[in-house]
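Welcome! Below are some exercises to try with the structure on your screen, each followed by a worked solution. Take a look first, then read on.

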Amino acid sequence: MSASDEKPAVGDIPEVEKRPAHVENSADLDENAKLADYKAGAMDAEDAELRMTVLEAVRLYPMASLWAFVMSTTIIMESYCVFLMGAFVAMDQFKREYGVVDKYGAWQIESSWQSALQMGGPLGAIIGVVIAGPITSRIGYRWATISGLMVLNAFIFVFYFANSLAIMFLSQLLEGVPWGIFIANAPAYCSEIVPIQLRAPATQMLQMFWAIGAIIVGGVCYVYEGKMDPSAYRIPIALQWMFPTPLAILLYIAPESPWWLVRKGRLEEAAKSVRRLGSSRVTTNPEESVAMMRRTIDLEKTDKEPSLVELFRGTDLYRTLIVCGVYAAQNLTGNLIANQAVYFFRQAGIDSQLAFALGLITSALQTVFVMLSWILTTYLGRRTIYVWGSLINVGFLVALGIAGSVPMTTSSSLAMASLGLIVSVGFTLGPAPASWVIIGETSAIRLRPLTTGIGRGAYYVVNIPCIFLATYMLNPTGVDLGGRCGYVWGATGFVCFLVAYFYLPEMKGRSYREIDILFKRKVPARQWKKTVVNINDDE
């Protein structure tokens, strides 16, 4: 159909419960059935999801929301450790034990070691995301994640008993491997188990749990920061053990992604999984939902097993570049100021106790703003929030640079701290949560574990040099730019805004079949919102 045709408004369609009786679905779970045999059931299920409102989706699929919540919780562990290292380099006791005296006579962790400690996890995570795709494709999201949780339990011992910065770096390298598995699997699993209208809030929970991990670190370090013995940092390290085992137990009883089961040809198990994700009020038969999944997967089907090479061929290259670009841009639009909030506040001239308090406030506000973003992204769309949120963030970053360019006074310090807080919080209202939705929706279903893994790998490849740059810009043993780092991140953020404006499509309200077809038709990114895909189309 014409790209200028208007997509009908969801509000103009009758509610899902008022739909006509179901079609015959005896062929939906027949492995030997042809597309024509189960297409009617597939269309019935897709039509039901497209007509569903957000509140109806929550009411009809409460367990899907619960299991997405559980899987998202795995992100707390990476967030906790990332923010913990950022807090340690600002902690007086840690600096006295492992630091040097700087030119101002204060204890500091050398910029080289500070960068090393914060890049150890990302280096390990690169390994994790590379192995996550093949492992998940073979054994499923649940077992891949459970395996990562058990391995993490062992690696925390290395961190807890470390007595040098070198061993701490090694521990971060090891812990990063399971982090990579969690971050590759969580957005894919969450986007696959919920209906279309819940994909945004389900995947945005990842950003909320990232903020919750920061809150836990902020609270713990605020309490222990004043201690003058190793317990100031040993106890925060030990608290990592409170996460992996309970989460592993919950994931053991969670259903596997029905999309993954359909890809493996396990149609009966997929139907059972769909049944567990919905409530008794769901009007669509699980068999019809499985037929919808089969129809979409058949559009992508080949005789070969999914491989990394496929990610860089044809239209899949464009999809891979979107995922990699959105992931990588998180490092270039102010996120590193958020990740080093406490240290940034210290370098802006704020005293230690107030800096940790501000860090805690920042994390709490981030959690609230992520929840607000659920509403914005669900109703305004992913592209709108991501693109224009990025531009607004650039404005605040430039303002931060200006505040850092004036002579250091109490007023300028408070201005830098305030703008640093605004940048950190604003990032979680726009670009950050919208990026998780885009990552979960963009890739082809059969290549999803591989695409999300490679995408997160791109994040870490950009993250590692950016950590060195961010530390070098802020640390007194580096160039000591302070707030003027806003100019650097403002420039990189503006480039990200331009690329997103021209190449990022709007996928709000689209089924995975529609997304596949629009990519195959090579519809320009800014035309997606106006393009209609007929329910009968298969291509």
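Helices (H or I, at least four residues) and strands (E, at least two) are DSSP runs, numbered from the N terminus. This is a predicted model, in which local features need pLDDT of at least 70 and side-chain atom pairs count only at pLDDT 80 or more, while totals for chains, interfaces and linings use all residues. Residues are numbered from 1 along each chain as its sequence is written, and side-chain values use heavy atoms, with hydrogens and water left out.

**Exercise 1. Get an overview of the chain and of the confidence in it.**

Step 1: Start with the secondary structure: the protein chain has 24 helices and two strands.

Step 2: Look at burial, where buried means under 20% relative accessible area, exposed over 50%, and partly exposed in between (1.4 Å probe, protein chains only). Of the 539 residues in the protein chain, 59% are buried.

Step 3: Turn to contacts, that is, heavy atoms within 4.5 Å. Take the contacts between residues at least 6 apart in sequence: 82% of them join residues at least 24 apart.

Step 4: Check pLDDT, the predictor's confidence in each residue, from 0 to 100. Its mean over the protein chain is 83, and 89% of the residues reach 70 or more. Over residues 1-23, however, pLDDT stays under 50.

**Exercise 2. Describe what happens in and just after helix α24.**

Step 1: Find α24 at residues 512-520. Eight of its nine residues are buried, so this helix is mostly covered.

Step 2: List the buried ones: Y512, R513, E514, I515, D516, I517, L518 and F519.

Step 3: Move just past the helix, where K522 takes a positive phi of about 60°. K522 is not a glycine. Most residues other than glycine have a negative phi.

Step 4: Is K522 buried or exposed? K522 counts as exposed because its relative accessibility is 65%.

Step 5: Continue to D538, also in the segment after α24. With a relative accessible area of 28%, D538 is partly exposed. Its C-alpha atom is separated by 9.3 Å from that of E514, although the two are 24 residues apart along the chain. Beyond residues up to four places away in sequence, D538 touches L35, K39, R295, L299 and R513.

**Exercise 3. Work out whether helix α20 has the length you would expect.**

Step 1: Count the residues: α20 (residues 410-427) has 18.

Step 2: Apply the rule that the expected span of a helix is 1.5 Å times one less than its number of residues. For α20 this gives 26 Å.

Step 3: Compare with the model: the end C-alpha atoms of α20 are 26 Å apart, which agrees.

Step 4: Look at its covered positions: the buried residues of α20 include S412, M416, A417, L421 and V425.

**Exercise 4. Explore the nonpolar cores.**

Step 1: Learn the term: a nonpolar core is a set of buried Ala, Val, Leu, Ile, Met, Phe, Trp, Tyr and Cys residues joined through side-chain atoms within 4.5 Å. In soluble globular proteins, nonpolar side chains tend to be buried together.

Step 2: Which residues touch the most other members of the largest nonpolar core? They are F88, F94, M168 and W489, in a core of 134 residues.

Step 3: Ask which helix gives the most to this core. Helix α8 (residues 165-193) does, with 12 residues.

Step 4: Spot another core, apart from it, of seven residues, among them I350, A417, L421 and V425.

Step 5: Zoom in on F88, whose contacts, leaving aside neighbours within four places in sequence, are F94, K95, F159, Y233, P236 and I237.

**Exercise 5. Compare two buried residues, E46 and V326.**

Step 1: Locate E46 in helix α1 (residues 35-51) and V326 in helix α15 (residues 314-329).

Step 2: Find why each counts as buried: E46 has 1% relative accessibility, and V326 has a relative accessible area of 5%.

Step 3: List their contacts, leaving aside residues up to four places away in sequence. E46 is in contact with M292, R295, S511, R513, E514 and I535. V326 touches Y386, S435, I438, I439 and L504.

Step 4: Follow V326 across the chain: its C-alpha atom and that of A432 are separated by 9.2 Å, with their positions 106 residues apart along the chain.
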